[in-house]
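Open the model in your viewer and keep the sequence panel beside it. The tour below gives a selection at each stop and says what is there.

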Amino acid sequence: MDRHVDLAIIGAGPAGLAAAVSARKAGIDNIVIYERDEKLGGILNQCIHNGFGLHTFKEELTGPEYAGRFINKVRELGIRCETSSMVVSISPEREITIVSKRYGMRVVKAEAIVLAMGCRERPRGALNIPGMRPQGIYTAGAAQKLVNCEGYVPGKEVVILGSGDIGLIMARRMTLEGAHVKLVAELMPYSGGLKRNIVQCLDDFGIPLKLSHTVVDIKGKRQLEGVTIAEVGPGGKVIPGTEEFYECDTLLLSCGLIPENELSLTAGVGINRVTNGPFVDDRLETDVPGIFACGNVLHVHDLVDYVSEEADRAGRHAAEFILRHGKKANPENIVNVIPCDGVRYTVPVTIDTGNIEEDIHIRFRVGSVIRKVTIRLMCGDRELASKRRTIVVPSEMEDVILRKSVLEDVDGDIRVVLEGGEA
């Protein structure tokens with residue numbers, strides 16, 4: 001039973017697995033992955049649809065296949081994994097309190113920690129939908145697990161609220177299982193999912209998507225009998241007279257994902273209230289030395305391939321932290337990355353220009369749909385990088401690369417600016 005590890009990784013989903021592989025290749029031997037579930041792989045175990053791995057492995061895989069590639073690497077490298085082990089707190093001194101069947105409760109000291117806990121779905125209680133609490137209301141992810149892992153189809157007449165990617169994928173999945181998906185309603189005037197999922201999961205199956213619509217009432221006491229959908233105007237206010245009733249026995253909620261950062265808070269990690277994930281620098285280190293974050297616990301990603309790429313960097317930099325015995329950056333070399341009008345946040349939020357080892361990805365999301373826009377990274381009047389986009393949407397993460405050669409003589413804060421554009 002360990003009392004000390006070099007690197008502790010919290011979570012054995014795609015982020016945690018990739019970070020562990022990267023850290024081992026960087027020279028760290030004493031690595032332990034702590035996972036509260038009984039299996040490795042995280043959410044990918046229930047994502048049996050294809051579309052994973054095109055960037056990472058240059059081929060199309062299902063979720064379990066993608067996870068399996070990294071699980072095999074972890075096992076080949078001899079990285080220890082403790083499943084059915086629940087981390088309940090992390091101290092700023094990197095002391096981890098763990099509860100498990102095998103060891104009971106114990107405290108493990110880590111030289112460095114990678115946070116890779118993923119995210120959770122926004123539940124009905126956070127949506128303020130009036131009505132009773134009948135059977136038949138599920139988050140899209142819960143329904144996905146029931147269908148794909150448990151072999152149980154929750155209903156036959158389905159309405160989906162929210163057009164996040166899980167909701168779109170479940171619209172197709174429920175249809176393939178013989179259910180009738182009547183519509184997908186989306187509060188915003190744009191979809192919350194990827195364009196390809198709208199085409200493949202809704203258009204190809206004739207499932208209507210109603211933008212600027214939401215559920216305003218739920219009928220049924222013991223069992224769901226139907227929902228009332230209405231159009232919303234500016235500010236999300238319901239437009240009177242637009243109400244429509246849909247009989248259904250199942251309502252799936254796909255209304256956003258929230259990074260799972262309760263453990264980060266116990267460690268004193270600063271949280272960005274826009275992303276609900278930690279503030280990190282270009283090494284993906286949080287404002288608590290030796291604690292790194294990657295994947296959906298940091299900010300919600302579109303593709304698992306991007307999660308793995310980010311986790312690879314987090315694991316490598318965590319290894320560097322251990323090997324250099326926590327050497328700190330010179331504050332004089334730190335520059336801020338500042339999101340300007342139209343940009344909601346950036347990852348990272350700071351860059352150490354005195355220790356640039358590689359090109360840096362500046363990732364962010366916009367607050368609204370904008371067409372014909374140029375993304376510019378500016379330091380004063382100097383342009384460091386730019387990217388032309390036909391359209392940017394809140395549901396798709398943007399990525400602009402800052403070249404190492406450009407960063408070496410940056411002497412001020414970097415602004416992420418959107419120029420031009422048509423709403």
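What volume does the largest cavity have? In this predicted model, the largest cavity comes to about 80 Å³. A search of the whole structure turns up 2 cavities of 30 Å³ or more, and the tour begins with both.

**Stop 1: the largest cavity**

Select Asp282, Arg283, Arg313, His317, Asn355, Ile356, Glu357, Glu358, Asp359, Ile360 and His361, which line the largest cavity. Two elements give two or more residues to this lining: helix H7 (304-323) and strand S25 (360-366). Sorted by class, the lining holds 6 charged, 3 polar and 2 nonpolar residues.

**Stop 2: the second largest cavity**

Now select Asp281, Asp282, Leu284, Glu310, Arg313, Val347, Pro348, His361 and Arg363, the lining of the second largest cavity. The space inside is about 40 Å³. H7 and S25 each supply at least two residues here. The class count for this lining is 5 charged, 3 nonpolar and 1 polar. Keep the selection on screen, as the next two stops pick residues from it.

**Stop 3: Leu284**

Leu284 is part of the lining of the second largest cavity. Look for it in the loop between strand S20 (277-278) and strand S21 (291-293). Is leucine 284 buried or exposed? Leucine 284 counts as buried, because its relative accessibility is 2%, and the cut-off for buried is under 20%. Check its backbone too: phi is near 65°, a positive value in a residue other than glycine. Most residues other than glycine have a negative phi, and most peptide bonds are trans.

**Stop 4: Val347 and Pro348**

Val347 and Pro348 also belong to the lining of the second largest cavity. Display the backbone between valine 347 and proline 348: the peptide bond joining them is cis, with omega about 5°. Proline 348 sits in the loop between strand S23 (343-347) and S24.

**Stop 5: the sheet S23-S25-S28**

Select S23, S25 and S28. These 3 strands make an open sheet in that order, with antiparallel pairing. Which strands stand at the edges? They are S23 and strand S28 (398-402); each has a single partner strand, so one side of each is left without a neighbour in the sheet. From one strand to the next, the twist averages 25°.

Zoom in on S23 and S25, which run antiparallel and are joined by 4 bridges. For one pair to pick out, take tyrosine 345, whose bridge partner in S25 is arginine 365. Then bring back H7, which packs on the sheet and touches S23 and S25. The direction of H7 makes about 135° with that of S25. H7 and S25 are also the elements that give two or more residues to the lining of the largest cavity.

**Stop 6: the five-stranded sheet**

Move on to the other open sheet on this tour. It has 5 strands in the order S24-S22-S29-S26-S27, and the pairing is mixed. Its edge strands, each paired on one side only, are strand S24 (350-352) and strand S27 (382-392). Here the twist averages 20° from one strand to the next.

Narrow the selection to strand S26 (residues 370-379) and S27. How many bridges join them? There are 9, and the two strands run antiparallel. To find the register, label isoleucine 375: its bridge partner in S27 is lysine 387.

Stay in S26 for lysine 372. Its phi is near 50°, another positive value in a residue other than glycine. Lysine 372 counts as partly exposed because its relative accessible area is 48%, where exposed would need over 50%.

**Stop 7: Phe70**

For the last stop, select phenylalanine 70 in helix H2 (residues 63-76). Phenylalanine 70 counts as buried, because its relative accessibility is 7%. Which residues surround it, leaving aside its neighbours within four places in sequence? Phenylalanine 70 is in contact with Leu17, Ala18, Val21, Thr56, Phe57 and Ser308. Draw a distance from its C-alpha atom to that of valine 21: the two are separated by 7.9 Å, although the residues are 49 apart along the chain.

Conventions
Residues numbered from 1 in each chain as written. Predicted model: local features only at pLDDT ≥ 70, side-chain atom pairs only at ≥ 80, totals over all residues. Heavy atoms only, no water. 1 Å grid on protein atoms, 1.4 Å probe; cavity = no way out; pocket = protein on both sides within 12 Å on 5 of 7 lines; lining within 4 Å. Points joined across faces, edges and corners; volume = space filled by probe spheres on them. Nonpolar A, V, L, I, M, F, W, Y, C, P; charged D, E, K, R; others polar. Pairing = 2+ DSSP bridges. Axes fitted to C-alpha atoms, helices over the stretch in contact; angles between N-to-C directions. Buried < 20%, exposed > 50% of the residue type's maximum accessible area, 1.4 Å probe, protein only. Contact = heavy atoms within 4.5 Å.
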